[in-house]
Amino acid sequence: MELPVAWSSLLVVAGVWNLVVWPRFLQRVAQDPRARDAGGRPTRFLVVHVVLVAVSVVLGVAVAALGLLTVTA
């Protein structure tokens with residue numbers, strides 16, 4: 001598949017955005033008092049956000065890869 005450079009660049013930027021923003025968000029979530037219970041075990045709050053970040057990072061990698069693979073000269 002071939003895409004114009006502008007669209008491919010947009011995909012790369014969107015993918016990189018996900019790779020930069022979501023891990024930083026997870027750092028803040030992990031420090032939130034709701035992330036662990038009194039015994040130090042992860043709460044649903046933390047688990048849900050870890051899954052959200054993991055899916056977003058995987059999609060970010062896929063979108064960035066697609067952008068790199070579809071660039072036309």
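This note walks through two helices and how they sit against each other.

1. First, some ground rules. The model is predicted, so to speak of local features a pLDDT of at least 70 is needed, side-chain atom pairs count only at pLDDT 80 or more, and totals for chains, interfaces and linings use all residues. Residues are numbered from 1 along each chain as its sequence is written, and side-chain values use heavy atoms, with hydrogens and water left out.

2. Meet the two helices. Helix α1 covers residues 5–31 and helix α2 covers residues 44–69. Helices here are DSSP runs (H or I, at least four residues), numbered from the N terminus.

3. Do their lengths make sense? The expected span of a helix is 1.5 Å times one less than its number of residues. For the 27 residues of α1 that gives 39 Å, and the end C-alpha atoms are 40 Å apart, which agrees. For the 26 residues of α2 the expected span is 38 Å, and the end C-alpha atoms are 37 Å apart, which agrees too.

4. Now the packing. The axes of α1 and α2 lie 7 Å apart, at an angle of about 160°. Axes are lines fitted to C-alpha atoms, for helices over the stretch in contact, and angles run from 0 to 180 degrees between N-to-C directions. The two helices are therefore roughly antiparallel, a label for angles over 145 degrees.

5. The crossing of α1 past α2 is left-handed, meaning that the near helix is turned anticlockwise from the far one by less than a right angle. What kinds of residues make up the contact of α1 with α2? They divide into 21 nonpolar, seven polar and no charged. Here Ala, Val, Leu, Ile, Met, Phe, Trp, Tyr, Cys and Pro count as nonpolar, Asp, Glu, Lys and Arg as charged, and the others, Gly among them, as polar.

6. Which residues of α1 are buried? They are S8, G15, N18 and V29, where buried means under 20% relative accessible area, exposed over 50%, and partly exposed in between (1.4 Å probe, protein chains only). In α2 the buried residues are L46, H49, V53, S56, G60, A64 and G67. The cover over the buried residues of α1 includes α2, and the cover over those of α2 includes α1.

7. Let us look at H49, in helix α2. Its relative accessible area is 17%, so H49 is buried. Contact means heavy atoms within 4.5 Å. Setting aside neighbours within four places in sequence, H49 is in contact with F25, L26 and V29.

8. S56 is also part of helix α2, and at 11% relative accessibility S56 counts as buried. Beyond residues up to four places away in sequence, S56 touches N18 and W22. S56 and V21 are 35 residues apart in sequence, yet their C-alpha atoms are 9.8 Å apart in space.

9. Is V57, in helix α2, buried or partly exposed? At 24% relative accessibility, V57 counts as partly exposed. Apart from neighbours within four places in sequence, V57 is in contact with N18, L19, W22 and P23. From V57 to V71, 14 residues apart along the chain, the C-alpha separation is 21 Å.

10. Last comes A64, also in helix α2. With 10% relative accessibility, A64 counts as buried. Not counting residues up to four places away in sequence, A64 touches L11, V12 and G15. A64 and V50 are 14 residues apart along the chain, with their C-alpha atoms separated by 21 Å.

Definitions and conventions:
Parallel < 35°, antiparallel > 145°, perpendicular 65-115°, else oblique.
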